[in-house]
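Thank you all for coming; I would like to walk you through one model this morning, going from the overall fold to a few individual side chains. Please have the sequence and the picture open while I talk.

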Amino acid sequence: MKKFLKESKHFLKIGIPILGSQLSYMIMYTTDTIVAGRYGADELSGLVIANAFTFPIYMLFQAITPIIAQLYGSKKYTEIGEKMRQIFWVAITLAILIFFIFLIFSEILIFFALDKDILAISVSYLKAVSFGMFFYVLFRYLSSYSEGMTLTLPVFAVVFCGSLINIPLDIIFAFGYFGFPEMGSVGCGYATSLVSFMMLISLSLIVTFSSKYKKTELTKKFSMPSKATTYEIFKLGTPIGVGIFVEMSMFSGAAIIIGRLGEVILAGHAIAINIASIVFMLPLAIGLAAATRIGNLIGEKRLIDACYSSYTSVSLCLLGAFINMIILIFLKETFTSFYTKD
């Protein structure tokens, strides 16, 4: 038990800021849901259909952290900078690709066998948030770099501030205050894009000027793409990304099926799945902390400790799952009342 508690402290040190970051992401998502729900059931339904495609993207770019964590554990700091410069080309390519996929897919979405008014809202939202997806992928590139070096607090600070800024922006753009046109849930998409841009700029400045990142020499020189690094990121990242993408799709993908049952049922689903997604952030944060902690230990050649750390992460997730279950059973009506009085 003493060893377990000692290892758990490492998870808390790394994981609490990560949990804060994940909950801050969910604050943004939840704010969108609440504002759209207050605007109208059709707007909320359009938002949840669109987010069935956007939400998994938020969890897709996860391969960088364990790569950087191992190098950091080995104290190969300048190699981290070189690796990140090479990974940048993968990140910018994915960012551009996702941007165009959202623009093109938004046009295809209108042919789905769902209510056309709801789909029109979803199409407009996807177009509005496509810019945000571009900025977000680049933000995840930098945040994974920071988290891999156990610098989780700067990421949390940026995301938390972004989630707070997103609240008034959602309200202003959705309801048309201060001279802005009234855009409903589509306004939430523009708010998300603007906040994603602000988070990218903020974290870029921190990484560039903070002394904690200097030893990696990230911006010291220019590096061309590396075939070996590109292969490494896709070899490691594809199983991680697909796994998390499928997990997230189980949360959001049902909206596409339920959407045929009408806006009221879809709106109810949106609220229920949003609450489930929030509590899911606890085991997700433990998993992300494990990627950093175990990666550091492998880099230090402490393989037995890395194995024990993996068992600790599973145990903590089991405990977190039990706590989540109790919370949802006893507070389900209280939670749903935050979203709507209907």
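**Two lysines, then the helices around them**

Let me begin with a single residue, K301, which counts as exposed because its relative accessibility is 68%. Please keep in mind throughout that what we are looking at is a predicted model. K301 is placed in the loop that runs between α10 and α11, the latter covering 303-337, and although K301 is not a glycine, its phi is positive, at about 65°. As background, most residues other than glycine have a negative phi.

There is a second lysine to set beside it, namely K75, which belongs to the loop between α3 and α4. K75 is not a glycine either, yet it has a positive phi of about 60°, and with a relative accessibility of 57% it counts as exposed, since the cut-off for that word is over 50%.

The helix that K75 follows gives us a contrast in exposure. Helix α3, residues 64-73, is mostly covered, with nine of its 10 residues buried; among them are I64, P66, I67, L71 and Y72.

Stepping back to the whole protein chain, we find 11 helices and zero strands, and of its 342 residues, 50% count as buried.

How do α1 and α10 pack, in terms of angle and distance? Helix α1, which spans residues 2-39, meets helix α10, residues 263-299, at an angle of about 150°, and their axes are 8 Å apart. That angle makes α1 roughly antiparallel to α10, because angles over 145 degrees are counted that way. The crossing of α1 and α10 is right-handed, and the residues in this contact comprise 19 nonpolar, eight polar and two charged ones.

Let me turn now to the aromatic side chains, where the structure holds 14 aromatic pairs. In one of these pairs, the rings of Y25 and Y136 have centres 5.9 Å apart and planes at 80°, so the pair is edge-to-face. Because Y25 lies in helix α1 and Y136 in helix α5, residues 116-148, this pair ties together parts that are 111 residues apart in sequence. Both partners are covered: Y25 is buried, with a relative accessible area of 10%, and Y136 is buried as well, at 3%.

A further pair is made by F88 and Y141, whose ring centres are 5.9 Å apart and whose planes stand at 65°, so that this pair, too, is edge-to-face. F88 sits in helix α4, residues 77-108, while Y141 sits in helix α5, and the two are 53 residues apart, so the pair links distant parts of the chain. Are these two residues buried or partly exposed? F88 counts as partly exposed, at 33% relative accessibility, whereas Y141 counts as buried, at 7%. Ring pairs also bring W89 and F222 together with F88 and Y141 in a cluster.

Finally, two lysines are placed over tyrosine rings. The charged end of K3 sits over the ring of Y308, 4.3 Å from the ring's centre, and K215 lies over the face of Y77, at 4.5 Å from the ring centre.

How values were computed:
Residues are numbered from 1 along each chain as its sequence is written. This is a predicted model: local features need pLDDT of at least 70, side-chain atom pairs count only at pLDDT 80 or more; totals for chains, interfaces and linings use all residues. Side-chain values use heavy atoms; hydrogens and water are left out. Buried means under 20% relative accessible area, exposed over 50%, partly exposed in between (1.4 Å probe, protein chains only). Helices (H or I, at least four residues) and strands (E, at least two) are DSSP runs, numbered from the N terminus. Axes are lines fitted to C-alpha atoms, for helices over the stretch in contact, and angles run from 0 to 180 degrees between N-to-C directions. Angles under 35 degrees count as roughly parallel, over 145 as roughly antiparallel, 65 to 115 as roughly perpendicular and the rest as oblique. A crossing is left-handed if the near helix is turned anticlockwise from the far one by less than a right angle, and right-handed if clockwise. Ala, Val, Leu, Ile, Met, Phe, Trp, Tyr, Cys and Pro count as nonpolar, Asp, Glu, Lys and Arg as charged, and the others, Gly among them, as polar. Rings of Phe, Tyr and Trp (its six-membered ring) pair if their centres lie within 6.5 Å; planes under 30 degrees apart count as stacked, over 60 as edge-to-face and the rest as tilted. A charge sits over a ring if NZ of Lys or CZ of Arg is within 6 Å of the ring centre and within 35 degrees of the ring normal.
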